[in-house]
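This note sets out a few points for a reader who is new to examining protein models. Please keep the sequence and the structure in view while reading.

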Amino acid sequence: MAILKILKYPDKKLRLIANPVRSVNKKIQNIINDMFETMYNKQGIGLAATQVDIKLNIIVIDLMIKKYQPIVLINPKIIKKIGIIQTKESCLSIPGISKKITRAKEIKISALNYYGKKIYISAHELLAICIQHEMDHLIGKLLIDYL
C-alpha cells in the first residue's frame, strides 16, 4: 500500500468530475487500499478518489466508531434524502477551514462495494454527512462553495 498525495485547494484538479468505474478489479482494489492508507495517515474519516488525483467515482469512509465498519462506495448514487441537519465540516483538501453546512439528515444510496457487489445503505447523521461531502468531491464541488 502507498500513501497518496492529497490535492490542496486551489488545485484545479479538485474541480474535475470523476468518471464511473467500469469494472471492479485488482487495480481498483489497490487504489481503494491506497486511499484507506492515505485517509488513515491524514486522520480523516472520508476520502474521495478525486482528492488524490484519481478521476474515478470511488469513496472510502471510516468513522472510527465501533458500530460502523470501513465503507467503500464505488459509483455511489443518492436514491432518497430525508430531513436536514447542520454541522461543522472540514476537509483534508482545504486544511484549516471549517464551515457549518446544511445537508440531508438521512440518505439512502446505492453503490458497488470493494468486490463490485451492488449495495444499498441507509445512512444517518454523521455517516450521511460524510457520504454527501465525499460525493460533492466526485462532482468537483468543494467545502468553500458553501461559504
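1. The lining of the largest pocket. The model is predicted. By class, the residues that line the largest pocket comprise six nonpolar, seven polar and four charged ones. The lining has 17 residues, and those nearest the centre of the pocket are I45, E89, S90, C91 and H133. Two elements, β4 (85–91) and α2 (125–138), each contribute at least two residues to this lining. The space in the pocket amounts to about 310 Å³.

2. The open sheet. How are the five strands of the open sheet ordered? The order is β1-β2-β3-β6-β7, and the pairing is antiparallel. The edge strands are β1 (46–48) and β7 (118–124), each of which pairs on one side only. From one strand to the next, the twist averages 40°.

3. Strand β2 and its partners. On one side, β2 is joined to β1 by three bridges, and the two strands run antiparallel. In this pairing, L47 stands opposite V60 of β2. The strand β2 is also joined to β3 by four bridges, again with an antiparallel course. Here I61 has I71 of β3 as its bridge partner. Both faces of β2 are covered: I58 and V60 are buried on one side, and I59 and I61 are buried on the other. The residue V60 therefore serves as an example of a buried position, for which the relative accessible area must be under 20%.

4. The stacked aromatic pair. The structure holds two aromatic pairs. One of them is formed by F36 and Y40, whose rings are 5.8 Å apart from centre to centre, with 25° between the planes. This pair counts as stacked because its angle is under 30 degrees. Both residues belong to helix α1 (residues 26–41), where they are four residues apart, about one turn of the helix. Are the two residues buried or exposed? F36 has a relative accessible area of 12% and is therefore buried, whereas Y40, with 35%, is partly exposed.

5. The edge-to-face aromatic pair. Y114 and Y115 have ring centres 5.0 Å apart, and their planes stand at 80°, so this pair is edge-to-face. The cut-off for that class is an angle over 60 degrees. Y115 is exposed, because its relative accessible area is 66%.

6. Backbone angles that merit inspection. Most residues other than glycine have a negative phi, and most peptide bonds are trans. Which residues should the student examine with this in mind? M64 is not a glycine, yet its phi is positive, near 60°. This residue is placed in the loop between β2 (58–61) and β3 (71–82). E125 is likewise not a glycine and has a positive phi of about 45°. In contrast to the loop position of M64, E125 lies in helix α2. With a relative accessibility of 40%, E125 counts as partly exposed.

7. A cis peptide bond. The peptide bond from Y9 to P10 is cis, and its omega is near 15°. P10 is located in the segment before α1. The student may wish to find this bond in the display and then follow the chain to α1, the helix that holds F36 and Y40.

Technical notes
Residues numbered from 1 in each chain as written. Predicted model: local features only at pLDDT ≥ 70, side-chain atom pairs only at ≥ 80, totals over all residues. Heavy atoms only, no water. 1 Å grid on protein atoms, 1.4 Å probe; cavity = no way out; pocket = protein on both sides within 12 Å on 5 of 7 lines; lining within 4 Å. Points joined across faces, edges and corners; volume = space filled by probe spheres on them. Nonpolar A, V, L, I, M, F, W, Y, C, P; charged D, E, K, R; others polar. Phe/Tyr/Trp six-rings, centres within 6.5 Å; stacked < 30°, edge-to-face > 60°. Buried < 20%, exposed > 50% of the residue type's maximum accessible area, 1.4 Å probe, protein only. Pairing = 2+ DSSP bridges. Axes fitted to C-alpha atoms, helices over the stretch in contact; angles between N-to-C directions.
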